[in-house]
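Here are some notes on the model you sent. They are numbered so that you can reply point by point.

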Amino acid sequence: MSTEQEPTTPQDELSQALPPEQPEVDDHAAALDELQDRWRRALADLDNLRKRHAKELDAVRNEERARTAAAWLPVVDNLDLALTHAGSDPSAVVEGVKAVRDQAVDVLRRLGYPRYEETGVPFAPAVHEVVGTVDDPAAEPDTVVQVMRPGYGEGRRQLRPAAVMVSKRQE
């Protein structure tokens, strides 16, 4: 038998000199358990937040729907009133219907969708929809000559573009 020992490294000597550290393993396990508990609580909080947000969004949606419907009630009331007077003077009925239309346009304006129906302005694809062209020597080329259907809204809040007739390029 040989009395020679195999060479050892400093790590081997350190591990032989120190007793096994069981309390350190227990500390790691406790820290891991605490982190897992905190992670589960965070997930539960996130789920509760998601549910609360969905309820609040639904409530806001319902409130806005009710506010919009309430804005239209006077228009409906005036249409009913116009229908009750339909048998009387026809010119009064026409004036009443015009007044109700103006009231409806005002409701749309207050909701953030103003009406536009300008003629003589340059054609803009973002706010106009061409439904036809006309040969009008008095108008500049690509100019709105007639509005067939007004548009509502502006910018990113546009409900629909105005349907327009545009002057042709004269060649």
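1. Among contacts in the protein with a separation of 6 or more, 62% join residues 24 or more positions apart. Please bear in mind throughout that this is a predicted model.

2. The protein has three helices and five strands. Along the sequence the pattern reads α-α-α-β-β-β-β-β, with the helices ahead of the strands.

3. Of the 171 residues in the protein, 15% are buried, which means that they have under 20% relative accessible area. The accessible surface comes to about 13,600 Å², and carbon and sulfur atoms account for 56% of that surface.

4. Which residues line the largest pocket? The lining consists of Asn78, Leu81, Ala82, His85, Ser88, Ala92, Val93, Gly96, Ala99, Val100 and Gln103. The space in this pocket is about 150 Å³.

5. Two helices, α2 (22–84) and α3 (90–110), each supply at least two residues of that lining. The greatest share comes from α3, which gives six residues.

6. How many residues of each class are in the lining of the largest pocket? There are six nonpolar and five polar residues, and no charged ones. Gly96, one of the lining residues, falls in the polar class because Gly is counted there. Leu81, Val93 and Val100 are also among the lining residues, and they fall in the nonpolar class because Leu and Val are counted there.

Key. Residues numbered from 1 in each chain as written. Predicted model: local features only at pLDDT ≥ 70, side-chain atom pairs only at ≥ 80, totals over all residues. Heavy atoms only, no water. 1 Å grid on protein atoms, 1.4 Å probe; cavity = no way out; pocket = protein on both sides within 12 Å on 5 of 7 lines; lining within 4 Å. Points joined across faces, edges and corners; volume = space filled by probe spheres on them. Helix = DSSP H or I, 4+ residues; strand = E, 2+ residues; numbered from the N terminus. Buried < 20%, exposed > 50% of the residue type's maximum accessible area, 1.4 Å probe, protein only. Contact = heavy atoms within 4.5 Å. Areas by Shrake-Rupley, 256 points an atom, 1.4 Å probe, with all protein chains shown as cover.
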